[in-house]
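Let's take a walk through the open spaces in this protein and see what lines them. Have the model up on your screen as you read.

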Amino acid sequence: MRKQTASKIWGIFLIVIGLSVAGHVFGWWTLRLFQGWWTLFIIVPCIISMVQDSVKTSNAVGLGIGVVLLLSERTLISWAILARLFLPVVLVAAGLLLLLRGPASDKEKAEGDPSSVNVNESEPSARPETPVAEDVDQTEEQTLDDNTEEAEGDDDSTV
């Protein structure tokens, strides 16, 4: 469902761009791009990625960067303020990431700590299993029974 929605968003985006350029070529309207139009090449793919694959750190950071660049190109935020806010924004983002991710899952813990591997869930080893004492006893009993049956069968054929 998400991939269909992402395909529709891409389709609408491409149709709008194509019709805008075609109208400009035919002289139906003058295509005046707004200042910072190029940031849409960062913003739109990040939004589509969020719709298609859910929100991840990479597409959220890309969207944030695109929006900040758009705002600075539109002179709504100055570069001087952006430079001074860089460290606080990174710190707040890292804190939010830690809060929203929650505790590490058991799988992540097991990958990071070799002592936490559960023996029962681990993959079987390449070594052949050694028989348990009970299995050996049962195998010996079966062999004895088989030999006894063969011996009795030999006695019947000779008589």
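Start with the walls of the largest pocket: sorted by class, the lining has 18 nonpolar, 2 polar and 2 charged residues. Keep in mind that you're looking at a predicted model.

How much space lies in that largest pocket? About 800 Å³. Its lining is made up of 22 residues. To find your way to the centre, look for Val61, Gly64, Ile65, Val89 and Ala93, which lie nearest to it. Two helices to pick out here are α3, running 57–73, and α4, running 79–101, as each of them supplies at least two residues of the lining. Which one gives the most? That's α4, with 13 residues.

Now move over to the second largest pocket, where about 270 Å³ of space lies. Here the helices to look for are α1 (2–26) and α2 (40–53), each supplying at least two lining residues. The largest share comes from α1, which puts in 5 residues.

You can trace this second lining residue by residue. Begin with Phe13, Val16, Ile17, Ser20 and Val21, which are among the residues that line the second largest pocket. Carry on to Leu31, Arg32, Leu33, Phe34 and Trp37, also part of that lining, and then add Leu40 and Phe41. By class, the lining of the second largest pocket counts 10 nonpolar, 1 polar and 1 charged residues.

Note on methods: Residues are numbered from 1 along each chain as its sequence is written. This is a predicted model: local features need pLDDT of at least 70, side-chain atom pairs count only at pLDDT 80 or more; totals for chains, interfaces and linings use all residues. Side-chain values use heavy atoms; hydrogens and water are left out. On a 1 Å grid over the protein atoms alone, a cavity is a set of points where a 1.4 Å probe fits but cannot get out, and a pocket is an open set with protein on both sides within 12 Å along at least five of seven lines; lining residues have an atom within 4 Å of a point. Grid points are joined across faces, edges and corners, and a volume is the space filled by probe spheres set on the points. Helices (H or I, at least four residues) and strands (E, at least two) are DSSP runs, numbered from the N terminus. Ala, Val, Leu, Ile, Met, Phe, Trp, Tyr, Cys and Pro count as nonpolar, Asp, Glu, Lys and Arg as charged, and the others, Gly among them, as polar.
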